[in-house]
Amino acid sequence: MQLQRKLISGLFWILLLNLLIKPFWILGIEVGVQNAVSTSEYGIYITLFNLAYIFNILLDLGITNFNTRNIARHPALINRYCSRLLAVKAILLVFYMLVTMSAGLLNGYGSRQFQLLALLCFNQFLNSLILFLRSNLEGLLLFRWDSVVSVLDRIVMIVICGFLLWGPPAGSAGGFSIFWFVYAQTAAYLVTALVALVVVLRKLHRNRNLASPSRFTFSKRNLLFALAILKRSAPFALLVLLMASYNRIDPLLLSLLLPEGDHAAGIYAGAFRLLDALSMIPYLVSVPLLPVFARLTHQNDHPQLSSTTLMVTSLLLVFSLTAAFSCSALGTQLMDVLYTEHVAEYASVFTLLVFCIIPISMTYVFGTLLTAAGHLRQLNILATITLVINIVVNLICIPRMGVIGAACASLTAQSFMAIAQMIVALRLFHMRPPASYLLRLGAFILLVGAIAFGTRSLVWWQSMLIAAGVALALADLLGILKTDILTQLLKSTSNVKS
């Protein structure tokens, strides 16, 4: 119960801060940028961004996930690992730049695209550095500090981009430049990385229970240590590479397979944006969930592991099912609110693509559980199959259906991954949801879907409020989400120190 309280406390703070900041970033700033530049221009940006994103595992090679899991199990080792792993990441930057820029060369990019790609690569390095520093805070279960660091970059970017979008620069000759957006990201990541580094160093020096800090030197002993860590983290690296590929490859394939590929990639990116905003919730839930699962599996506490898994699964199912049905029913209205052009194109893709939030949410639960327990071989096999499914379905559907074909491929691949992970996790940990729970969940799906589509003639925010209210009432009434237990745990977080 103590770890569940820690988990709820972490969820409370990280969700509170991120829900205050990130929706405005995604739906205000990012949408504002896409409206300020042409669809093709933004399509070029998102294609290059996804290329840099897919290869960013070379900046990490699984070190961050390995570090979170290892520090959660053995907190005393953090001082000895932190400085050495930071040096390893600096070396990986050179390798990452060579590979990514070579891929750009093979794609035949021009000088302007290379300049943009180089900036995006540097931003990916800074972001990877921030995630590594946060992994130390997460491993020590310092969720409040982690929550602050998790939104700091977005706060800085909102200030800079807000000035560029709506201040005097917006009226300058030539209008808004996509390079301004990338430079703002660089500045924000630099500030956040420095703050995160200071916080981690202060925590390490103040905690006398931890092992004494070590400095990284290029001695034979430390080089062997670095190689050993990279070897142990290699399965994490492969998993992240595979997952990044099947999550981000769709715009790249659109740009390659269609005559107006940049425009199609821009349409897909616009439809994907709201799904990306919704995916923030299960991602944020998984951040404190990884160290909690790591400790529970290490302690072989199966009863608490089962109850925690069921609690988080129910929470995310209520959220994702309600969000998917409501957003799909209101697709045209929502796209009309966000964009000034191509609304019908965005809506036709979004109404299908938004259902990906359901398997994505389940992947963040069961994928996190399998990762925490070290079952990476199974995850890598499933991720490889998922990537193959995604590519094959894209190759079949994109030439025939265009952007909607990419949405079909994404939904197919995500659904396979979620179902397969659930089956593997339930078998490995001997968990079996009661038949009554599945029946109640089925009733919940039917009723929430009926409410969402039955109220779509209303103004979008009215329909979503009704759907959310009914969903919470149904979840409580059907016993899917035990709100009384969540309330008690949430009240108890005031007694839990971060």
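For the residue classes used on this tour, Ala, Val, Leu, Ile, Met, Phe, Trp, Tyr, Cys and Pro count as nonpolar, Asp, Glu, Lys and Arg as charged, and the others, Gly among them, as polar. Keep that in mind for the pocket. The model on your screen is a predicted one.

**Stop 1: the whole chain**

Start with everything shown as a cartoon. You will find 18 helices and zero strands in the protein chain. Of its 498 residues, 57% count as buried. If you turn on contacts, look for links between distant parts of the sequence: among contacts with a separation of 6 or more, 86% join residues 24 or more positions apart.

**Stop 2: colour by confidence**

Now colour by pLDDT. The mean for the protein chain is 82, and 82% of the residues reach 70 or more. Select helix 15, where confidence is highest at a mean of 95, and then helix 18 (residues 483-492), where it is lowest at 50. Next, pick residues 492-498: pLDDT is below 50 there, and the model gives this stretch 16 contacts beyond near neighbours in sequence. Residues 208-214 also stay under 50 in pLDDT, with 16 contacts beyond four places in sequence. Where pLDDT is low, the predicted coordinates should not be read in detail.

**Stop 3: the second largest pocket**

Select Thr313, Leu317, Met362, Phe366 and Met422. Of the 22 residues lining the second largest pocket, these are the closest to its centre. The pocket has a volume of about 440 Å³. Which helices supply at least two residues each of the lining? Show helix 10 (302-329), helix 13 (357-372), helix 15 (403-428) and helix 16 (435-454), and you have them. Colour the lining by class and you should count 17 nonpolar, four polar and one charged residues.

**Stop 4: two histidines in loops**

Stay with helix 15 and helix 16 for a moment and select His430, which lies in the loop between them. Its phi is positive, at about 50 degrees, although His430 is not a glycine. Most residues other than glycine have a negative phi. Is His430 buried or exposed? With a relative accessible area of 72%, His430 is exposed.

Now move to His342, in the loop between helix 11 (331-338) and helix 12 (343-353). Here too phi is positive in a residue other than glycine, with a value near 55 degrees. His342 has 29% relative accessibility, so it counts as partly exposed.

**Stop 5: an enclosed helix**

Select residues 39-54, which form helix 2. From the first C-alpha to the last, these 16 residues reach 22 Å, close to the 22 Å expected at 1.5 Å a residue. Show the surroundings as a surface: 14 of the 16 residues are buried, so helix 2 is largely enclosed by the rest of the structure.

**Stop 6: two buried side trips**

Go to helix 5 (residues 111-139) and pick Phe132. At 0% relative accessibility, Phe132 counts as buried, the cut-off being under 20%. Add Lys89 and draw a distance between the two C-alpha atoms: they are separated by 9.2 Å, although the residues are 43 apart along the chain.

Finish in helix 7 (residues 178-206), where Thr186 has its place. Thr186 has 12% relative accessibility and so counts as buried. What does Thr186 touch, not counting residues up to four places away in sequence? Show Phe122, Asn123 and Leu126 to see its partners.

Terms used:
Residues are numbered from 1 along each chain as its sequence is written. This is a predicted model: local features need pLDDT of at least 70, side-chain atom pairs count only at pLDDT 80 or more; totals for chains, interfaces and linings use all residues. Side-chain values use heavy atoms; hydrogens and water are left out. On a 1 Å grid over the protein atoms alone, a cavity is a set of points where a 1.4 Å probe fits but cannot get out, and a pocket is an open set with protein on both sides within 12 Å along at least five of seven lines; lining residues have an atom within 4 Å of a point. Grid points are joined across faces, edges and corners, and a volume is the space filled by probe spheres set on the points. Helices (H or I, at least four residues) and strands (E, at least two) are DSSP runs, numbered from the N terminus. The expected span of a helix is 1.5 Å times one less than its number of residues. Buried means under 20% relative accessible area, exposed over 50%, partly exposed in between (1.4 Å probe, protein chains only). Contact means heavy atoms within 4.5 Å. pLDDT is the predictor's confidence in each residue, from 0 to 100.
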